[in-house]
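The following exercises are intended for a reader meeting this structure for the first time. Please attempt each task before reading its solution.

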Amino acid sequence: MPKASSSRLTPEQLLAQIEFEERRARRGRLKVFLGYASGVGKSFQMLDEGRRRRQRGEDVVVCALQPEYPEQVEAILQKLEMIPTLKIAELESIDVQAVIGRHPQVALIDGLAYENPPGTANAYRWQDVSQLLDEGISVVTTVNLQYLEKLQEEVERITGNRVSCTIPSGFLDRTADEIVVVDASPRDLWCEPTAESPTSALVEAHKLSRLRELALLVAASVVDRQLESYLRSHGLDQSSGVQERILVCVSPRSDAARMLESGRRNADRFQGEFHVVHVQEHALSQPEQETLDKNLKYARELGAQIEILGGFDNTEAILHFAKRVGITQIFVGHSTRHGLRTRIWGSLVDQLVRAAEGIDVVVYPQ
Amino acid sequence: MFLGYAAGVGKTYRMLEEAQRLKRQGEDIVVGYFEPHGRKDTIARTAGLEMMATKTINYRGVALQEMDTGAVLVRRPAICIVDELAHTNVPGSGRQKRWEDVQVLLDAGINVMSNMNIQHLESLNDHVFDITGVRVRETVPDWLIKSAAEIVMVDATTEALLNRLKRGVIYAPETAQRAIENFFRESTLVALRELALRETAHELDVRGTTDTTEEPTGVSSSSRAVEKGTRDRILIYVSADPSSAILIRRGRRMADYLCADCFAVGVVPYRNNRLTGRADAIETHLKFARNLHIETRILQGEDPSEMIVQFARSNQVTQILLSRPKHRSWGVLMGTDLILRIVREAKDIRVIIVAEHRRLHHPSAVRGS
C-alpha cells in the first residue's frame, strides 16, 4: 500500500496541481478510444457511451461519423442528435462553427486521424478537436494505433506499412484526459480482413496479434505515467508499481555478455525497462578497462539505459540507484573462482540480499 | 475469457453484447449463469437470450443460486455464458468452484464465455495484496487462463469507473462507500488496470510464440533472437516457512513469462520423527504447487543446500529460486547461510533471491525515456 511520506506538498507540486486543475476547469475533457485495427468496436463503444450519457441527461451531439456501420451501431445512432459535416468534393470535415454555435456538453467524433479537405480552416481533424476543447466542449473520439506518430516505427516493423497521416505525439500526451483501449479478438473483428491465401491469413493474424499487444502496452504505459503523476501530486513517493524494471550491474573484472543478454531477455519477456550500471573505480588495469568497455558497449547494443555511478560503497550506490528508478530485479555477477574475489563478491551479494528489500536479487555465475 | 480489473468495468455487459452478436449469427447460445447485480443496462443486454434456470441450494437457512451444470449438459448448447468465473460455490453444490463447473462443460465439448478480474489470478495473489492490502480468497489457477482460446481485456478508465461507483451503478450506496475505502482507491485501481493490460499483452505474447510454430518472417522481435536455443528450467526451493507459498506463485509466473519448465523441491531429513510438523508444512506447499501445475519432488537428506544443488545439476536447472531470509533468521557468517552456500556451490546456475513484498520504491525523479 502506498504510504504518504509527508502529507504536505512541495510548492512545485502545489503549483503543478493548481495549474492542472485550472486547465481542466477551462477546457473540455478529451476521451479517446484506442484500437489496434478497424472493426474492433471503437465506434460502437464510443457511441454507446454517448447514448448512456444522453440517458443520464448530458447534452451529447454526434459531429463526425465513419462512412459505414454495422446494424448495431446504426440502432444507437437513431437515438443521437447529429450536426451534419461539411462536404467538399466528397471529402468531409467537421462543421466546427456549427458545433461551437450549438455548444453541446459532449461532442462525439469518430475517427480522430482524418485529414481535412483543402480549403478548410484546420488542415487536420485533431486541430478541430483542439479548438472544440478550447471552447469548453468535451470530446469523445476514436483512433487506431497506426495513426499515432510515436508508434510509427513499431507499427511499421510489424505491418511493413506506414500511414501518411498521423497525430503528433504531443497532442494526445498533452490533451487526452482519458484513454481506453478497445480490445477484441482478431477473430471477432466486425469487418473481416480479406486474405488471398491461408498463409497470408496466418501472417495477417500474427500481425494483428502483435498490433493488439502493442495497443495494450501503450495503454499500460499511459496508465503507468498516470499512476506516477497521481502519486506525486498526492505527495506519495512509494507504491507497488506494476512495471518490471531490470538492472544489471557490470564490473571491469568479468565478461558480462551472458548476464546482459539474460537481463535483456527478462526485460523483454516481462515487458519492462532495461538498465545497466557500473560503479566507478579508480586505477583500472588495461585489461580491466577493456573488459569494462566491452561490457558497456554490449549493454548499449542491447538497448540498455546505462548509468555510471560514483561512490565508495558498491552496494549503497547500486541500491540508491535501484530505489530511485524503481528497480524490481537486480542482476549481479559472482565469480566462480576462489580466493579473495569470491569473498568480495560474496559480501556484495550478501549485502544486496540484506538491504534490497522489495527487489529480487539475481546472482549470476561468471 | 473477458478479463477486467475491477467490478463495474463492463465485463458482463461486453460478454452479453458478444452473445447477442453470436446469436444473430445463428449460434446456439445459452446463458448458464448471470449475476445481475441490479445493473439495469447490463440486464437489458440479456433480452432475447436463452437463460438457463439456476439451481437453488439451501445453506444455513438461506436459499442461494448456483449454475445448474447438469441442466446445461443436458441442453448441450454450442456456447454457454458463465458469469464470474472466480466464484466459490455454496457447500452442497457438487463442485467447490465455478471454474470447476466450467471445466466440466468444456470437457463435454461446450464452448464457454466467462469473465474474471485480474486480482483473481492465483499467481498474482501476493502482488495484488501488496497493491490493495486485500488478500483475495477466490482465485483461479493460471493454467486455466493459459488454456483459454481467447482472452479479451475489458478496459475502462478509472475516472469512468469511479463515476459509475458514485452514481450507484456498481454497488448499493453503503457498499460503495466501503469499496472506495478499499479496492476502489484511485491509485489502487490505476495499478490494477495497468496489471490487467500488461497481463493481457503477455498472454497474447505467449500465444504469439507458441501458436505459430513458424514465425512469419519480418515480424520477429529483437528479443526472440537473443533467447533462441535456451529453455530455462526453474527450481523452487520449498521449505516449511510460509513464504514458500509466495515463492511458488512467483516461480509459476516467472516460468510462464520465460516459457520455462518449473519444479518445486522440498528437502526432508532422514530422521524426521520430531519434525513431522515441518514435513507436513512442506507437503502442503508442494500440494499447492501441484495445483498450479508445477512438478514437485521431495528429497531426503541432512544438508538442504547440497541436496538442492545436486538435484539442480542432474536436472539441468538454470535458475534456483530462494526466499529472501528474514532478518531474525539471517546468519551473520555468510558461510553458514543457506543462500550463500547455494550460490557458492551452484557455480554455473543462476540463483534468484525473491523479495517477499514487491512494495516497490516508485521513481521520484523523472526518468529519461
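## Exercise 1: Loop residues of chain B

B:His37 is partly exposed, having 16 other C-beta atoms within 10 Å. A residue counts as buried with 20 or more other C-beta atoms within 10 Å of its own, as exposed with 12 or fewer, and as partly exposed in between, C-beta atoms being placed from the backbone. The model is predicted: local features need pLDDT of at least 70 and side-chain atom pairs count only at pLDDT 80 or more, while totals for chains, interfaces and linings use all residues. Residues are numbered from 1 along each chain as its sequence is written, and chains are lettered from A and ligands numbered from 1 in the order in which they are written.

*Task.* State where B:His37 lies and what sign its phi has, then do the corresponding work for B:Arg76.

*Solution.*
1. B:His37 belongs to the loop between strand E2 (29–33) and helix H2 (40–44) of chain B. Helices (H or I, at least four residues) and strands (E, at least two) are DSSP runs, numbered from the N terminus.
2. Its phi is positive, about 50°, although B:His37 is not a glycine. Most residues other than glycine have a negative phi.
3. B:Arg76 sits in the loop between helix H3 (69–75) and strand E6 (79–82) of chain B. Its phi is also positive, about 45°.
4. B:Arg76 is partly exposed, with 13 other C-beta atoms within 10 Å.

## Exercise 2: A helix of chain A

*Task.* Determine which residues of helix H5 (residues 125–134) of chain A are buried and what covers them.

*Solution.*
1. The buried residues are A:Arg125, A:Trp126, A:Asp128, A:Val129 and A:Leu132.
2. They cover an arc of only 150° around the axis, and therefore lie on the same side of H5(A); the arc is that of the directions from the helix axis to the C-beta atoms.
3. Their cover includes helix H4 (96–102), strand E6 (106–109), strand E7 (138–144) and helix H7 (169–175) of chain A. Contact here requires C-beta atoms, placed from the backbone, within 7 Å.
4. After H5(A) comes A:Gly136, with a positive phi near 85°.

## Exercise 3: The ten-stranded sheet

*Task.* Give the strand order of the open sheet and identify the strands at its edges.

*Solution.*
1. The order is E11(A)-E10(A)-E9(A)-E12(A)-E13(A)-E13(B)-E12(B)-E9(B)-E10(B)-E11(B), with mixed pairing. Two strands pair if DSSP finds at least two bridges between them.
2. Strand E11 (305–309) of chain A and strand E11 (295–300) of chain B stand at the edges; each has a single partner strand, so one side of each lacks a neighbour in the sheet.
3. From one strand to the next, the twist averages 25°. Axes are lines fitted to C-alpha atoms, for helices over the stretch in contact, and angles run from 0 to 180 degrees between N-to-C directions.
4. Within chain B, strand E9 (residues 233–238) and strand E12 (residues 319–323) pair in the parallel sense over three bridges. In E12(B), B:Gln319 is the bridge partner of B:Ile234.

## Exercise 4: The domains of chain B

*Task.* How many residues of each domain of chain B are in contact with the other?

*Solution.*
1. Chain B is divided into domain 1 (2–208) and domain 2 (228–354), bounds that come from an automatic or database domain assignment.
2. Eight residues of domain 1 of chain B are in contact with nine residues of domain 2 of chain B.
3. On the domain 1 side, helix H5 (125–132) and helix H6 (142–146) of chain B are the elements giving two or more residues.

Note on methods: Two residues are in contact if their C-beta atoms, placed from the backbone, lie within 7 Å.
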